[in-house]
Amino acid sequence: MFGIAVVPSVLLALGMAISPESPRWLFQQGKIAEAEKAIKTLYGNERVAAVMRDLTAATQGSSEPEAGWFDLFSSRYWKVVSVGAALFLFQQMAGINAVVYYSTSVFRSAGIASDVAASALVGASNVFGTAIASSLMDKQGRKSLLLTSFTGMAASMLLLSLSFTWKVLAPYSGTLAVLGTVLYVLSFSLGAGPVPALLLPEIFASRIRAKAVSLSLGTHWISNFVIGLYFLSVVNKFGISSVYLAFSGVCLLAVLYIAGNVVETKGRSLEEIERALSSTN
């Protein structure tokens, strides 16, 4: 199992070896010729002049140095930084990795003995939902997809919880558990999964972007670690139904938070986004 993981690692390393560097970074380092070459590779020769003009205008419009770590917690930036961290916190505390890690046990309760079939069904749901999200991202907007996603996850977790507790549903508990799991993963992949990673570069100003994204992703992996470490212990103490009900509650909290704090970024400039975030304080 660990050996197989070498394959995508090698493919990613090879891919990054031939991937062009960020034109913005090259421009900021004064490597103009290399920036133009990267733009040509990414966008085509006809876009070089236009992109270079945008980079020049962006550089002239902001002479501030790159922010330090403590700047992230200043009154100027904390609002937007907290939104990025909160989205990844909700993403993980909503239980996605717990559901994926232990989905085979749920599927066994429905009579699906093959772990491969269970994993394939969960993976297919994830891929299908992500494909739909990619087509809706610029049509429906980021915020609406997040709200729809977390609402669907809350409903799916509630279904999972009830399938284990309501005696009237006992004859169908296995089927409902599988249905709830698939709907949960599908809902996750529609917004909660892909949108935060797309949203962060759109809401962070360039001078804080690197550190703010790092802080947000650090929140992501710490939350992931905590869920993976304590999920089984909490299930053994409180029961799987109670844990799934708690996940449903986290999803509802996420809906309320997103509705009140996340701004739509579709078709808006960074300056417009910053003004919108400031007005929500």
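A residue is called buried here when its relative accessible area is under 20%, exposed when that area is over 50%, and partly exposed in between. By that rule Asn224, with a relative accessible area of 8%, is buried. This residue lies in helix H12, and, leaving out residues up to four places away in sequence, Asn224 touches Gln92, Asn97 and Tyr101. The model in which these contacts are found is a predicted one, and the paragraphs below move outward from the whole chain to its helices, its cores and its single salt bridge.

Seen as a whole, the protein consists of 14 helices and has zero strands, so that the order of elements from the N terminus onward reads α-α-α-α-α-α-α-α-α-α-α-α-α-α. Of its 281 residues, 39% are buried. When contacts between residues at least 6 apart in sequence are considered, 75% of them join residues that are at least 24 apart. At the start of the chain, UniProt lists residues 1-17 as "signal peptide" in an unreviewed entry; in the model this stretch is 71% helix and 0% strand, with its end C-alpha atoms 26 Å apart.

Helix H12, which covers residues 206-238, has 33 residues that should span 48 Å at 1.5 Å a residue, and the 45 Å between its end C-alpha atoms agrees with that expectation. The helix nevertheless has a kink of about 45 degrees, centred on Tyr230. Its buried residues include charged or polar ones such as Arg207, Lys211, Ser216, Thr219, His220, Ser223 and Asn224, and also Ile208, Ala212, Ile227, Phe231 and Val235. The cover over these buried residues includes helix H5 (78-93), helix H6 (96-101), H11 and helix H13 (240-261). After H12 comes Gly239, whose phi is positive, near 95 degrees.

The largest nonpolar core has 53 residues, of which Leu146, Phe150, Met153, Tyr184, Ile208 and Phe247 touch the most other members. Two or more residues of this core come from each of H5, H6, helix H8 (115-140), H9, helix H10 (173-192), H11, H12 and H13, and H13 gives the most, with eight residues. One of the residues just named, Tyr184, is in contact with Ala94, Gly95, Ile96, Val99, Met153, Ser156 and Met157, when its neighbours within four places in sequence are left aside. Separate from this is a second core of nine residues, among them Leu26, Phe27, Ala38 and Leu55.

The remaining feature to follow is a charged pair. Side chains of opposite charge can pair when their charged atoms come close. The structure holds one salt bridge, in which the side chains of Glu202 and Arg142 meet at 2.6 Å, N to O. Because Glu202 lies in helix H11 (residues 195-203) and Arg142 in helix H9 (residues 142-165), the pair ties together parts that are 60 residues apart in sequence. The two partners differ in their surroundings: Arg142, at 6% relative accessibility, counts as buried, whereas Glu202 is partly exposed, with a relative accessible area of 21%.

Note on methods: Residues numbered from 1 in each chain as written. Predicted model: local features only at pLDDT ≥ 70, side-chain atom pairs only at ≥ 80, totals over all residues. Heavy atoms only, no water. UniProt positions renumbered as here; feature names shortened; annotations may be inferred. Helix = DSSP H or I, 4+ residues; strand = E, 2+ residues; numbered from the N terminus. Salt bridge = Lys/Arg side-chain N within 4 Å of Asp/Glu carboxyl O. Buried < 20%, exposed > 50% of the residue type's maximum accessible area, 1.4 Å probe, protein only. Expected span 1.5 Å × (residues − 1). Bend = angle between axes of the 7 residues up to and from the residue. Contact = heavy atoms within 4.5 Å. Core = buried A, V, L, I, M, F, W, Y, C linked by side-chain atoms within 4.5 Å.
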